[in-house]
Amino acid sequence: MSAYKSDFLNVLAERGFIHQVSEPDALDTLARSSTVTAYIGFDCTAASLHVGSLLPIMLLYWLQQTGHRPIALMGGGTTRVGDPSGKDESRRLLTDAAINDNLKGIRAVFDKFLKFENAGGNAVMANNADWLNKLNYIDFLRDVGRHFSINRMLAFDSVKLRLERQQELSFLEFNYMILQAYDFVELYRRYGCVLQMGGSDQWGNIVNGIDLGRRVHNAQLFALTSPLITTSSGAKMGKTAAGAVWLNADLVSPYEYWQYWRNTEDADVGRFLKLFTVLPLGEVERLTALKNAEVNEAKKILATEATALVHGRAAAEQAAATARATFEQGELSATLPTVEIADFHRHVRLLDAVVKAGLAASNGEARRLIRGGGLKVNDETVHDEVRLLTPNDLKHGVIKLSLGRKRHVLLKPV
RNA sequence: GGGGGAGUGUCCCGAGCGGCAAAGGGGGCGGACUGUAAAUCCGCUGGCUGACGCCUUCGUAGGUUCGAGUCCUACCUCCCCCA
């Protein structure tokens, strides 16, 4: 049990979400006696959020589940500047059009986790472009800029790191932390928002907002950060051979998403069940206690539960069923990812098919994979790198290509 | 403005007397072993090609040379020192 009295902080603490909290006692008291409005900002640097953003999303989820009010803040304005935190180099500047497209792609995910006003809930979706784009430079400097000390800003990790490594930090990026601080105060004004949450790398930025709130409005604001989650082997979350694990289904299918969680390392299962599913802690404990090969059962549940949160229960169950048929029964599952091939009149080169199926980036890579014994057609290892696929290879109307033991694709002539 | 240093394989770091598709790591992928895990060991890690081979790569553009990542010139970017 945690030492907190409020449901909100208790749940977060027990499930492993808390890295640092500013003035925990005061926040705990507040969360017990009233509805806390809290926000997390999300950058619009890509067309979808990925697994790395899942943790902040879950923070908002639990906030609402424990009776409070979440604000998902889209960084439509701050993305135009670029957050230097944790970045070695300056970010490429995105065009406004690209940012807007990204914003659209990102928004939809939140409906899965939060109940917004149009769905009978109290969650709020905001966009800091609404106030940042209108700022007047001189006014802003006088109202906000005067509260920031360069001496102190230079001491922040995000700045210090760049300076120490002699990497450029543009004035534009240098201002990011000021804008984020301003966001916090603006949300306090608009919505009475008193808590900003985020990843541990955001601590400095959040504290800036707290200071600004105190100076401008004499308000007591709070910070809560979540730990940086890595796998037990130290790798960052969310990267696979195919790239980032996006949350949008058009970028990463529910099946692939399920596979990502299914392949969790043993040592991470318990931690991930607490963080990325909403299973009761008792159930999590039972699953975590499983040993050796039995942890695979826990991994399947982790995969299905995590997938259900993002893609819905039905898609998650189907992904689980596809995996069961493919991996455990060795059957051909028609619900595996399918790639259509045209011009399959007489034959097509296997190399081309492998590339088209997305299993290799070039013919050369496909050749290497075949030489290394990593490629299978209908579950038989291929040794001939110039093999042709003919209609004779069709089984139940499709050809199954496998790369390694995990990646399977069905080819379907059209 | 003056002086000095740096930019290498489109994932990253990083060696490179004028013969270089370019050392070595990390990461990633494949194989073996397993449990769709971890650890370990082995292989691969520019494009095209059945193959010989051809093509494209070391900040950019020229030049010297049979031959340039390597030498010369100009330019771009970054860093340091002086002003």
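**Burial, sheets and a surface patch in a predicted model**

Asparagine 248 is classed as buried because its relative accessibility is 12%, below the cut-off of 20%. The residue belongs to the loop that runs between strand β8 and helix α12 (254-262). When residues up to four places away in sequence are not counted, asparagine 248 touches Ala47, Ser48, Gly105, Val109 and His311. Strand β8 itself spans residues 243-244 and contains alanine 244. Alanine 244 has a relative accessible area of 18%, so this residue is buried too. Along the chain, alanine 244 and leucine 49 are 195 residues apart, while their C-alpha atoms are separated by 9.5 Å.

These descriptions refer to a predicted model, and the confidence of the prediction is therefore given next. Chain A has a mean pLDDT of 87, with 91% of its residues at 70 or more. Within chain A, the highest confidence is found in strand β3 (residues 69-74), where the mean is 96. The lowest is found in strand β7 (residues 239-240), where the mean is 60. Predicted coordinates should not be read in detail where pLDDT is low. For the complex, the predictor reports a pTM of 0.87 and an ipTM of 0.84.

Chain A has 414 residues, of which 49% are buried. Its secondary structure consists of 18 helices and 15 strands. Taken along the principal axes, the box filled by the C-alpha atoms is roughly 75 × 45 × 45 Å. Among the contacts in chain A with a separation of 6 or more, 71% are between residues 24 or more positions apart. The chain exposes about 20000 Å², and 49% of this area is supplied by carbon and sulfur atoms.

Two of the sheets are described here. One is an open sheet of six strands with mixed pairing, in the order β1-β6-β5-β2-β3-β4. Strands β1 (20-21) and β4 (124-127) are at its edges; each has a single partner strand, so one side of each has no neighbour in the sheet. Strand β2 (residues 37-42) pairs with β3 in the parallel sense, and six bridges join the two. In one of these pairings, isoleucine 40 has alanine 72 of β3 as its bridge partner.

Strand β3 also holds isoleucine 71. With a relative accessible area of 0%, isoleucine 71 counts as buried. Apart from neighbours within four places in sequence, the residues in contact with isoleucine 71 are Thr37, Ala38, Tyr39, Ile40, Leu60, Val124, Ala126, Leu187, Tyr191 and Cys193. Asparagine 100 is 29 residues away from isoleucine 71 along the chain, and the C-alpha atoms of the two are separated by 19 Å.

The other sheet is also open and mixed in its pairing. Five strands make it up, in the order β9-β15-β14-β11-β12. The edge positions are taken by β9 and β12 (380-381); because each has a single partner strand, one side of each is left without a neighbour in the sheet. At one edge, β9 and strand β15 (residues 407-413) are joined in the parallel sense over four bridges, and threonine 338 has leucine 410 of β15 as its bridge partner. Strand β9 (residues 338-341) has two faces: Val339 and Ile341 lie on the covered one, whereas Thr338 and Glu340 lie on the uncovered one. At the other edge, strand β11 (residues 375-377) pairs with β12 in the antiparallel sense, over two bridges. There, valine 377 has glutamate 380 of β12 as its bridge partner.

On the surface, a nonpolar patch is formed by Tyr137, Ile138, Leu141 and Phe171. Together, these residues have about 450 Å² of accessible area. Helix α6 (residues 137-143) gives the most to the patch, contributing three residues. Phenylalanine 171, in contrast, is placed in helix α9 (residues 171-174). The relative accessibility of phenylalanine 171 is 55%, so this residue counts as exposed.

Technical notes: Residues numbered from 1 in each chain as written. Chains lettered and ligands numbered in written order. Predicted model: local features only at pLDDT ≥ 70, side-chain atom pairs only at ≥ 80, totals over all residues. Heavy atoms only, no water. Patch = residues over 30% accessible without salt bridge, like charges linked within 9 Å, V, L, I, M, F, W, Y side chains within 5 Å. Areas by Shrake-Rupley, 256 points an atom, 1.4 Å probe, with all protein chains shown as cover. Salt bridge = Lys/Arg side-chain N within 4 Å of Asp/Glu carboxyl O. Buried < 20%, exposed > 50% of the residue type's maximum accessible area, 1.4 Å probe, protein only. pLDDT = per-residue confidence, 0-100. Pairing = 2+ DSSP bridges. Contact = heavy atoms within 4.5 Å.
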